[in-house]
Amino acid sequence: MASNRMMCIAPNQETEREVFACQCELGREKLLTAPPYKRVGSPAADENKSRYSTAPCIRDIDQFKCPVSHILVTFKAPLHPNEIFNKVFPATTPIKFVKRKLAKLLSVTNSNLLLTKNRNVLKDTSLLSDLKPDPLGNLTIDVFTKNSDDFSLSAIPKESYVHELLHAVLPKKKAMPFIAIKFRVRNQNTTFTRSYHSIMKIHEIKKNLGGLFQIDPDSIVLLRGDNPIKDRMALMDLDYDKYGIADVEIYTKNNEKLNLDKLYREMPFNDVLSVMVPYGTTLKQINVEIFSKPINKPFLGGYKNVYTGTVYHHAYTQTPQKPEKLPPESKNCRDTQTAEEKEKIYDTNYSRATQMNCVHAYIPSVSDRIVVPQPYETYDEMIARLNHVHFATIIQRAFRHHQFRQKVSRWLKECMERIERMKEEERLEREAMERRLRKDLVTRTFPKSREDFDQLYAMVDRWKHAEIARISQLHSKGPKIAEFTLLLDKEVELLRCIEDYRVKVKEDSRKLKEQRFLEEISKPVAWYGRSGKLITMETIEIQKARKLKELYNSFLRDDMAVKDRMELLVDMKFALQEFRHPLAEEIITLLDQECDLLVRRCNAHQLEFLRRRVAGSIFRLIETSELNSGVTKDKDTREYQKMENSRLHLCELCHQVKPYSDFPINTRMSGFLICKSCSWKDVNERLWIDMTPYRFILRAVQRDERRRKCWGSIAFVLQEKDIFFIVEKLWHSHSAISECNDITELRLCRWNVNEDWSPWNCFLVTVQEMKAHLKLEAPEEVYDEELVQKVCTKHRLAKANFEQLMAVNKRYTETGDWQGVRAPAIAREVAVEPV
C-alpha cells in the first residue's frame with residue numbers, strides 16, 4: 001500500500017497522511033486559487049475532511065479530474081513531423097467523435113484511422129478528460145492509418161477550424177425551418193430565388209440545381225462573398241438575416257450559361273418563401289407560396305447592345321390584360337366616314353325676331369350702322385401709305401447698333417479679363433518672389449542642409465570682398481592694415497559661429513537618426529488581411545528591440561533624481577550581464593564609474609561626457625546584430641542588398657566604396673572621383689557658391705519645357721552646377737539685352753522658340769524680356785546683328801563644353817526612355833555626413 005503512494009510538501013504539516021499530493025506545475029499559489037476539483041468514486045464524507053475547500057493539497061491522482069471545460073487537442077503525424085493541426089473539443093467528448101471529425105477533415109474512412117497517445121491506441125469509449133491533459137487544457141495525440149494511406153494535416157483548411165470556433169463562441173441564431181436563398185448568376189446579370197429546408201446540405205442543393213438546369217452538379221460553384229461554400233455545410237450555418245434570407249453567388253466551372261427558361265418551365269407549381277411579420281410585440285413566421293404562371297408577353301420591339309450582344313425588349317406589364325368580350329378575329333364590320341343623321345323638331349320657348357321685314361314683325365333700326373364705301377386704293381398707294389422700307393431701315397439700324405453695343409461690351413469684357421489676368425499673374429509672381437525670399441531668409445536664419453550652410457558661407461565671402469573694396473578705397477598704409485586686421489577678426493568670429501551652429505545641427509540630426517532607427521526596428525510587422533483590415537504582429541525580435549529602445553531612452557533622461565538614477569543604472573547592469581562581449585563589459589564598467597561619481601555627489605554637468613560615452617556604447621550594442629539576438633539582422637540585410645544592387649565607386653580622398661548617388665553629378669564630368677562629403681569638406685579646392693538662384697533657374701526651365709511638351713531630354717539631365725557654368729562662365733551673369741546683373745531676375749529661355757531648350761539654344765534675359773522674346777518667331781530678324789553674333793558665339797562655346805551631352809540626348813531621345821528621367825528633387829541632407 002505504501003509503495004503505491006507518494007509523499008510531497010504540503011501547505012501544513014498537520015495534513016492527512018497516506019494521501020496523494022498535487023503535482024500541478026502551476027505552483028502552490030495558483031493551486032490554492034483554482035476551482036474545486038470533483039472527486040470520482042469516493043464518498044462525500046471524504047470531502048469534508050479536507051481543510052482547503054478550493055483545491056486539496058494532498059489528493060489521489062486517479063480520483064480527481066482537472067476542471068477544464070474545453071481541451072485544445074494538437075494532432076501530430078509521426079510520419080510527417082512538420083505537420084500539426086489544432087482543434088478545440090469539449091472535455092466530455094468521446095474519442096469516437098474526435099476520430100469521426102478528424103476522418104471527415106482528412107477525407108479518410110473512420111475505421112482506417114488510429115489515434116494514439118504515448119504509443120497506446122486510444123479506445124473509442126474514452127473521454128478526452130480521461131487522457132490527463134496539462135493544467136492549461138492542452139493535449140497531444142498522434143495520428144496513424146491502418147493501411148498506411150498518405151494524408152496531410154497541413155492540408156486541412158484553417159477556415160473550417162475558425163468557423164467552428166466562432167460558431168461555438170458566438171451566440172446561436174434563431175433557427176428557421178425554411179431559408180430563402182437568392183442566387184445571383186455571375187456573368188449573366190440575373191437573379192432567381194429558391195427556398196430550401198434549413199437542414200439541407202450544400203451538395204443536396206447543388207444536386208437539385210443540377211437536375212433543374214440539366215448540368216453536372218460537380219461543376220456548380222456556390223460563393224459566399226469571395227469564398228466558396230463547402231459541400232458539407234448545412235444551410236442553417238449560413239449567415240442569413242433575421243428574415244431567413246441569404247445571398248449566394250452561383251457560376252459553373254466551365255463558364256457554361258444557365259438556361260433560366262428551364263427554371264421557370266420545369267420548376268414545381270409553387271415556390272415557398274419564409275416571411276417574418278410583426279405580430280403584436282413578437283415576430284411571426286409565415287410561409288408564402290408563390291405561384292409561377294408566366295404569361296406570353298407580346299413583342300413590342302426593342303434593341304440590341306452591339307458590344308455585349310444583350311437584347312433588350314420594350315417594357316410590358318407583368319399583369320395579364322383583361323380579355324376582350326369579342327376577339328378581333330370575330331369582328332367583320334367596317335366603319336365608314338359618313339356621319340349618322342337624325343331628324344328632330346324643336347319648339348322654341350320664346351319668340352325670336354327674324355332677319356326679314358314684313359308686316360307681321362317690326363325690326364328697330366336704332367342700333368344699325370351705316371357703311372359708306374371709301375375711294376378705291378391701289379396696291380402702289382397702299383405700299384406708299386404703309387412705307388415698309390422706311391420702318392425696315394429703322395429696325396435694321398437699331399439692330400446693327402445693338403450688335404455693335406454687344407461687340408463693344410464683349411471687347412470691353414475681354415479687355416478687363418485680360419487686365420485682371422495680367423494683374424493676377426503679377427500678383428502670383430510677386431507672391432512667389434516673396435515666398436522665395438522668405439524661404440531664403442528662413443534657411444539663412446535656421447540652416448539645416450549643406451546648401452543652407454553654403455549660402456551662409458557665400459554671404460560671408462561676399463561681405464568680406466565688399467569690405468576689402470571699401471577699405472582699399474578709404475584707407476592706405478597703416479590704417480588700411482589695421483582695418484584689414486579687424487576685418488580678419490570679424491571673419492574668423494563669423495566662421496566660428498557658423499561652425500558651432502553646424503556642429504549643433506549635426507548633433508540634432510544624429511539624435512533624430514538614432515530615434516528613427518529605434519522606431520524602425522521596434523515597429524511591428526503589418527499587412528492587410530482578406531477583409532481589408534490592418535493586421536499587426538510582434539515577433540520576439542521586435543519585443544526585444546522595444547525593450548532595448550526603452551532602456552536606451554530611459555538612460556538618456558536627465559530629469560531623474562539621484563536615487564532613481566542609481567536604480568536605473570543597477571537595472572541596466574543586470575540587463576547587460578547576459579551579453580558575453582567586451583563591449584558589454586565596457587558598458588558595465590562605465591556604469592560602475594557613474595554610480596561611484598553619483599555617490600560622490602557629482603552634478604549632471606560633470607557627468608555629461610561620461611554619459612555621452614555610455615549612450616554611444618549602448619547604441620553600438622543595439623546596432624550590432626550579433627549582440628542583440630538578431631534584432632537588427634533584417635535591417636543589416638536590407639542595407640547589404642541595397643549596396644549590392646547599386647553601382648559602387650571608390651572615393652580617392654576617403655578611400656571608401658560608396659554608391660554613385662553619394663557622388664556629385666554634372667554633365668561635364670567623365671567619372672566618379674570624389675564623394676559629396678569629401679568635396680564639401682575640401683574648402684581649399686572649392687569656392688563657397690550659393691546654388692539657390694541657379695537651382696531656381698533650372699526648375700523654371702524644366703517647368704517651361706514640361707508645359708511645352710518638349711521632345712528632348714537635355715533640360716531634365718542637367719544639374720544646377722551646369723546651370724551655374726552656363727550663367728556664370730558663358731553669359732557672365734548679365735542679361736544679353738539690358739545687362740542686368742541681378743541673379744534673382746534672370747532666366748534662361750529658348751533662343752529659337754520652335755526648338756527644344758539646350759545649352760546651345762538658350763538666351764539669358766530678365767523675366768519681362770523673356771515674355772517679350774518668346775513671342776518672336778524669328779529673333780534674327782528683330783535683334784541687331786551685333787547681338788545675334790554674340791548669341792551665336794555663346795552657343796558655339798556651349799556646344800564645345802557640353803559635347804558629350806549631345807550623345808546622351810540622342811540615346812535618350814531615340815530609345816524613348818527620357819520621359820522617366822527627371823531632375824532629382826534636392827533632398828535636405830544633414831549638415832555633415834559621417835566619413
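What follows is a walk through a predicted model, from the whole chain down to some of its helices, strands and charged pairs.

Start with the big picture. The protein has 835 residues, and 31% of them are buried. Its secondary structure comes to 22 helices and 22 strands. When contacts between residues at least 6 apart in sequence are tallied, 59% turn out to join residues at least 24 apart. The accessible surface adds up to about 59200 Å², with carbon and sulfur atoms accounting for 54% of that area.

Next come the strands. Five of them make an open sheet with mixed pairing, and the order across the sheet is E4-E3-E7-E5-E6. The edges are taken by strand E4 (80-90) and strand E6 (120-121); each has a single partner strand, so one side of each has no neighbour in the sheet. Helix H3 (residues 95-106) packs on this sheet and touches strand E3 (70-77), E4, E5 and E7. The direction of H3 makes about 125° with that of E5. Within the sheet, strand E5 (residues 113-117) and strand E7 (residues 138-145) run antiparallel to each other and pair over four bridges. One residue to look for here is Thr116, whose bridge partner in E7 is Asp142.

Two hairpins are worth a look as well. In one, strand E8 (residues 178-185) and strand E9 (residues 190-197) are antiparallel and joined by eight bridges. Val185 sits opposite Thr190 of E9. Four residues lie between these two strands, and Asn187 in this hairpin takes a positive phi near 65°. In the other, four bridges connect strand E17 (residues 525-528) with strand E18 (residues 534-537), again in the antiparallel sense. Tyr528 has Leu534 in E18 as its bridge partner. Here five residues separate the strands, and Gly532 in the turn shows a positive phi of about 85°.

Strands also supply a bit of greasy surface. Val275, Val277, Ile286 and Val288 form a nonpolar patch on the outside, and together they have about 240 Å² of accessible area. Strand E13 (270-279) and strand E14 (282-291) each contribute at least two residues to the patch. Val288 belongs to E14 and is partly exposed, at a relative accessible area of 34%.

Helix H19 (residues 720-730) is another story: eight of its 11 residues are buried, leaving the helix mostly covered. The buried set is made up of Glu720, Asp722, Ile723, Phe724, Phe725, Ile726, Val727 and Leu730. Among the elements that cover these residues are helix H17 (692-708), strand E21 (746-750), strand E22 (762-766) and helix H21 (785-801). Just past the end of H19, His732 adopts a positive phi of about 60°.

Two of those covering elements, H17 and E21, turn up again among the charged pairs. Side chains of opposite charge can pair when their charged atoms come close. The whole structure holds 29 salt bridges. One of them joins Glu705 to Arg750, with 2.8 Å between the closest N and O atoms. Glu705 is in helix H17 and Arg750 in strand E21, so this pair links distant parts of the chain, 45 residues apart. Both residues of the pair, Glu705 and Arg750, are buried. Elsewhere, Arg184, Arg186 and Glu249 are joined into one network by salt bridges that share partners.

A further salt bridge pairs Asp592 with Lys573, the closest N and O atoms being 2.5 Å apart. Asp592 is part of helix H13 and Lys573 part of helix H12 (residues 562-576), so the pair ties together parts 19 residues apart in sequence. Asp592 is partly exposed at 28% relative accessible area, and Lys573 is partly exposed at 23%. Helix H13 (residues 582-599) also holds Cys595, which is buried with a relative accessible area of 10%. Setting aside neighbours within four places in sequence, Cys595 is in contact with Met566 and Leu569. The C-alpha atoms of Cys595 and Val570 are 8.7 Å apart, although 25 residues separate the two along the chain.

The last pair stays inside a single helix. Asp461 forms a salt bridge with Lys464, and 3.9 Å separates the closest N and O atoms. Both lie in helix H9 (residues 450-474), three residues apart, or about one turn of the helix. An α-helix has 3.6 residues a turn, so residues three or four places apart point the same way. Asp461 counts as partly exposed, at 27% relative accessibility.

Key
Residues numbered from 1 in each chain as written. Predicted model: local features only at pLDDT ≥ 70, side-chain atom pairs only at ≥ 80, totals over all residues. Heavy atoms only, no water. Buried < 20%, exposed > 50% of the residue type's maximum accessible area, 1.4 Å probe, protein only. Contact = heavy atoms within 4.5 Å. Pairing = 2+ DSSP bridges. Axes fitted to C-alpha atoms, helices over the stretch in contact; angles between N-to-C directions. Patch = residues over 30% accessible without salt bridge, like charges linked within 9 Å, V, L, I, M, F, W, Y side chains within 5 Å. Areas by Shrake-Rupley, 256 points an atom, 1.4 Å probe, with all protein chains shown as cover. Salt bridge = Lys/Arg side-chain N within 4 Å of Asp/Glu carboxyl O.
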